[in-house]
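Trainee: I have a chain to go through with you. Can we take it question by question?
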Amino acid sequence: MCYAIPGQVKAINDKTVVVDYFGEEKRAINDLINLNIGDYIYAQGGYVIEKVAPAQALEVLALWKETFFELQEVDVRLSKLYFEEGYHDTKLSRILDRALERSSLSRSDLHYLFSVEEKAANAFIYKCANFLRQKYLKNSCCVHGIIEISNICSQNCFYCGISSHNQQIKRYRMSEQEIVDTALSAIKDYGFKALVLQSGEDSFFSPDKIAKIIREIKKQAGVLIAISFGEIGFDGLKTVYDAGARAMLMRFETSNPLVYSRLHPGRNLDTRIAHLKRAGELGYLIMTGALVGIPGQTPDDVFNDIFLAKELNAEMFSFGPFLPHPNTPIAGYLPWDKDKIFKVLAIARILDPENAKILVTTAFETLHPDARKEGLLCGANSVMLNVTPAKYRALYSLYPNRAHVSESINSQIQDILALLRSLGRAPTDLGVSEKIFLMEQSITEGAL
Ligand code: 5AD
């Protein structure tokens, strides 16, 4: 994973470049920019997104040098592995030993991890997941921004508050200019290096229109753009990739085909998975996952969801709780308990220690106010901030009372930077524009 600080190009091999960050080397794909050894660049999600002038790069690196190593030390300290004194569970220890040795776990092991309820046992499972995250992925944490460009949707998903059957919400659609301006402000004013553009399945935003918007943004700024517009067709995927999008966020929602068809009238799981596979073949980074706790879903289904996300080579796993929305056919169905959701994140990390960025979703933060901090301490290493213009945010009501819905971008950034600092994590995807760095300094004096 690349950091949101400039790296220096050390080697170039066709489209792959080796980038140095204070002595740590990462690889990134360069298919957009003319580069030479010694150049400074920003890379995101394994893609080079921008070349930086050496003077500017050196200035940012000078600001970061000490902090970079300090953060790593804090992270290592917080990721130590130990059993709470006085607690012993031989079976759990054996399973986790195997996880730490990278031997595969059986279904019954997974069931055991999922079903133990003692506080000390869960604490140990989370520590183990956090230890694996630290060991293989170090302290970087993705901080993407998301812009919700329209809540108009042609689909009828039974859980979703913006689905077409909800006649009680006001619909909105941002104009193309508004989208471009919002994205550019997120990049230039706030330092975001990766943005997700999301909407309901709104046919107004044809692949050609999306492509035009992406071209316009990329013409004016270096950024990794992820699309999240649902199933836009194979040709659509190609059109948008050619315009410069390099990631796709689309959950398969559940790997159980029966549960899938019950909740998505007129849709089937195979088509959804085919889209994800096609996107992967085209070169998109895949961000995918499932809802956790939907009607009909069993723990086994959730384990299968994690295996499917892995099989799809997902760069980012997005697993979050189902939260009932009052204007949907499953309004009365209760969400799973927060501890089960933490368990899913931890098991996902145990099953994929080396690759996935695991997201703490806004839905999880809505279910449980400490989900972000606790989630980052049980294997997760990714968050998304909402950069949709304030006037639209509440209308994007996938579920009620969404966390952060009325928080300014500034305050969301301050909160995440303070949290990451306190946990010893370095934000990726959120650069250190001067404005942010100054803001960060003013809050960290008290945070560390
Ligand atoms: N609870 C939680 N997540 C939801 N989503 C839609 N409705 C809900 C809900 N009621 C999620 C879906 C979709 C993403 C954009 O929002 O998983 O993929």
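Trainee: What volume does the largest cavity have?
Mentor: This is a predicted model. By the rule used, three cavities reach 30 Å³ or more. The largest cavity has a volume of about 930 Å³.

Trainee: Which residues lie closest to the centre of the largest cavity?
Mentor: The lining of the largest cavity holds 44 residues. Several elements supply at least two residues each to that lining: β6 (140-150), β7 (194-199), α12 (362-367) and β15 (382-386). Closest to the centre are Q198, R251, E253, Y396 and L398.

Trainee: How many residues of that lining are charged?
Mentor: Split the lining of the largest cavity by residue class. Nonpolar residues number 23 and polar ones 14. The charged residues number seven.

Trainee: Is D14 buried or exposed?
Mentor: Place D14 first: the loop between β1 (7-13) and β2 (16-21). Its phi is near 55°, a positive value in a residue other than glycine. Exposed means over 50% relative accessible area. D14 has a relative accessible area of 72%, so D14 is exposed.

Trainee: Which accessibility class does R102 fall in?
Mentor: R102 sits in the loop between α2 (90-101) and α3 (107-115). R102 is not a glycine, yet has a positive phi of about 70°. The class between 20% and 50% is partly exposed. The relative accessibility of R102 is 37%, so R102 counts as partly exposed.

Trainee: How far apart are the end C-alpha atoms of α10?
Mentor: Helix α10 covers residues 299-311, which is 13 residues. At 1.5 Å a residue, α10 should span 18 Å. The model agrees, because the end C-alpha atoms of α10 are 18 Å apart.

Trainee: Which elements do the buried residues of α10 pack against?
Mentor: The buried residues of α10 are D301, V302, F303, D305, I306, L308 and A309. Just after α10, N313 takes a positive phi of about 60°. The buried residues of α10 pack against α3, α9 (269-282), β10 (285-288), β11 (291-292), β12 (316-317) and α11 (338-351).

Trainee: Where is the pLDDT below 50?
Mentor: The chain averages a pLDDT of 92, and 95% of the residues score at least 70. One stretch with pLDDT below 50 has 44 contacts in the model beyond near neighbours in sequence. Where pLDDT is low, the predicted coordinates should not be read in detail. The stretch is residues 430-448.

Technical notes
Residues numbered from 1 in each chain as written. Predicted model: local features only at pLDDT ≥ 70, side-chain atom pairs only at ≥ 80, totals over all residues. Heavy atoms only, no water. 1 Å grid on protein atoms, 1.4 Å probe; cavity = no way out; pocket = protein on both sides within 12 Å on 5 of 7 lines; lining within 4 Å. Points joined across faces, edges and corners; volume = space filled by probe spheres on them. Helix = DSSP H or I, 4+ residues; strand = E, 2+ residues; numbered from the N terminus. Nonpolar A, V, L, I, M, F, W, Y, C, P; charged D, E, K, R; others polar. Buried < 20%, exposed > 50% of the residue type's maximum accessible area, 1.4 Å probe, protein only. Expected span 1.5 Å × (residues − 1). Contact = heavy atoms within 4.5 Å. pLDDT = per-residue confidence, 0-100.
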